[in-house]
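Here is a friendly walk through one protein model, with a few stops along the way. Have the structure open beside you as you read.

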Amino acid sequence: KSIKFKLLLLIIGILLISLTVEAFFVRVITKQSLTTSVEQVLKSKLDDVQKQVINLKDREFTLLKSIASFPFIRDENVSLKEKASQLSQIVKLNPEKYENVAFYDKNGFALLASGKLHDFSNSIYVKTALSGKEIVTDPAISAVTGQNLMFYAVPVYGDNKDIVGALVSVIRGERLEQIVSGIDFGNGVHPVINSMQTRTVLADVNEGAIKYNAQNKDKNFAKILEASLSGKTGIEIFRDGMTNEKKVSAYTTIPGTSWSVISTVDYSFYFSGLTKMNKTTAISFIILIIFAFSLVFVVVTILLQPLVLVKESIKESTDRIALGNADLTKRIPAKTKDEIGDVIVSFNKFFEFLQSLVKSIKKSRQNLSEAGEGLLHCTEDASASILLIVDNNEKVREQLVKQTDRVQETSDV
């Protein structure tokens, strides 16, 4: 692979890692901040439900305690009829709120609207008040009137601090529904008040919403509902097992009662901004990568252009050297003052050295050629001299032979 490809791959890899890490941390930090904000909003709405229900309860108990402190209520000599007559005035003043306000003697007896005496001693609200405790019952449908009613009861003490009876106000149960209908958790979803004792719904004005009772077969939500009915407080994100949609559920208890409040909202209502941010980040990420790749490609191409020239020059020179017609006078201009520029300068110096070396070789070749020609002449002269010597030797030999023959002839004579 080329250096250009390796550099592009390295730089793009670094950019990908850097942008991915940055996007990851931005998403994590944003999600944490948004989650914290959503939790604060949900908690404030739960607190609002708590305060309104507690205020309703405290106001009613304060009123009952105030009435219970009246002398005619505390006096055992005042008949139940007289007390009932006085208390009926309270109902007439606020008929939309009260169904009845009644006094029960220490044995649990009270007068009915018909004037008949009736034993309520087994009623939980009468029994609790006569034991010295305050009580508010869950809203329930009255078997007598068929209306949804709540019972508030407080003990009544005589002059000697003994319990002489119980004062009970019967309030229409729609009061809780009025409270929850005025609080919107988002997208038209209202909180739901449940009884932790009976595990029944006390106030729910949501239409077609999640079932906040045992009929709900969603296992994921069932765990959250169980935590709510167990008196726990929390905010949880879960996926609806029926619709597969993400939900946010917030729940807590209402102090001083056996009630819990819970509300479940679509995840998208609070976290749609995070989803949009994720999409925007993904698109921005792709655009940045394309832009970065284009920019890096151009920059790397410009930076490596001198190196490409070096490569082409070396290839051209080696090819010409192989053919025997290399132009060693050619130089590459060094336009940069970096490592690539240093390489070009070194390349030019190498070619200068190579050019001088070739010149030296050519000069040496010429000298050797001249020396060879001189040696050839010397050799030719030496050869002629040797031939002359050989010829003289032959002549000497012939003279010797003749001289020998003459000596032989003389000897024979």
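## Two buried residues on and after strand 1

Let us begin with G108, which counts as buried because its relative accessibility is 0%, and buried means under 20%. Keep in mind that this is a predicted model. You will find G108 in the loop between strand 1 and strand 2. What separates the C-alpha atoms of G108 and S121 in space? The gap is 4.1 Å, although the two residues are 13 residues apart along the chain.

F103 offers another stop, this time in strand 1 itself. With a relative accessibility of 6%, F103 also falls under the 20% limit, so it counts as buried. Its C-alpha atom and that of D162 are separated by 16 Å, and these two residues are 59 residues apart along the chain.

## The largest pocket

Next, the pocket. The largest pocket in the model has a volume of about 840 Å³. It is lined by 34 residues, and those closest to its centre are N100, Y104, L112, F120 and V170. Several elements give two or more residues to this lining: helix 3 (80-93), strand 1 (98-105), strand 2 (109-111), helix 4 (124-130), strand 5 (140-141) and strand 6 (148-157).

Which element gives the most to the lining of the largest pocket? That is helix 3, with seven residues. If you sort the lining by class, you get 21 nonpolar, nine polar and four charged residues.

## Salt bridges

Now for the charged side chains. Side chains of opposite charge can pair when their charged atoms come close. In this model the count comes to 10 salt bridges, and three of the pairs are worth a visit here.

One of them joins E134 and K65, where the closest N and O atoms are 2.4 Å apart. E134 sits in the loop between helix 4 and strand 4 (135-136), while K65 belongs to helix 1 (residues 3-68), so the pair ties together parts that are 69 residues apart in sequence. Both partners are partly exposed: E134 has a relative accessibility of 37%, and K65 has 45%.

Another pair is D266 with K247, whose closest N and O atoms lie 2.5 Å apart. Here D266 is in strand 12 (residues 259-266) and K247 in strand 11 (residues 246-254), so this salt bridge ties together parts that are 19 residues apart in sequence. D266 is partly exposed at 25% relative accessible area, whereas K247 is buried at 11%. The pair also has company: E245, K247 and D266 are linked in a network of salt bridges.

The remaining pair on this tour is K57 and D58, with 3.3 Å between the closest N and O atoms. Is K57 buried or exposed? K57 is buried, because its relative accessible area of 11% is under 20%. Its partner D58, at 33% relative accessibility, counts as partly exposed.

## A nonpolar patch on the surface

Last, take a look at the outside of the model. Which residues form a nonpolar patch on the surface? They are I17, V21, F24, F25 and I29, and together they have about 510 Å² of accessible area. To locate the patch on your screen, start from F24, which is found in helix 1.

Methods: Residues are numbered from 1 along each chain as its sequence is written. This is a predicted model: local features need pLDDT of at least 70, side-chain atom pairs count only at pLDDT 80 or more; totals for chains, interfaces and linings use all residues. Side-chain values use heavy atoms; hydrogens and water are left out. On a 1 Å grid over the protein atoms alone, a cavity is a set of points where a 1.4 Å probe fits but cannot get out, and a pocket is an open set with protein on both sides within 12 Å along at least five of seven lines; lining residues have an atom within 4 Å of a point. Grid points are joined across faces, edges and corners, and a volume is the space filled by probe spheres set on the points. Helices (H or I, at least four residues) and strands (E, at least two) are DSSP runs, numbered from the N terminus. Ala, Val, Leu, Ile, Met, Phe, Trp, Tyr, Cys and Pro count as nonpolar, Asp, Glu, Lys and Arg as charged, and the others, Gly among them, as polar. A salt bridge is a side-chain nitrogen of Lys or Arg within 4 Å of a carboxyl oxygen of Asp or Glu. Buried means under 20% relative accessible area, exposed over 50%, partly exposed in between (1.4 Å probe, protein chains only). Patches are made of residues with over 30% relative accessible area and no salt bridge: like charges are joined within 9 Å, nonpolar side chains (Val, Leu, Ile, Met, Phe, Trp, Tyr) within 5 Å. Accessible areas come from the Shrake-Rupley method with a 1.4 Å probe; for residues, only the protein chains shown count as cover.
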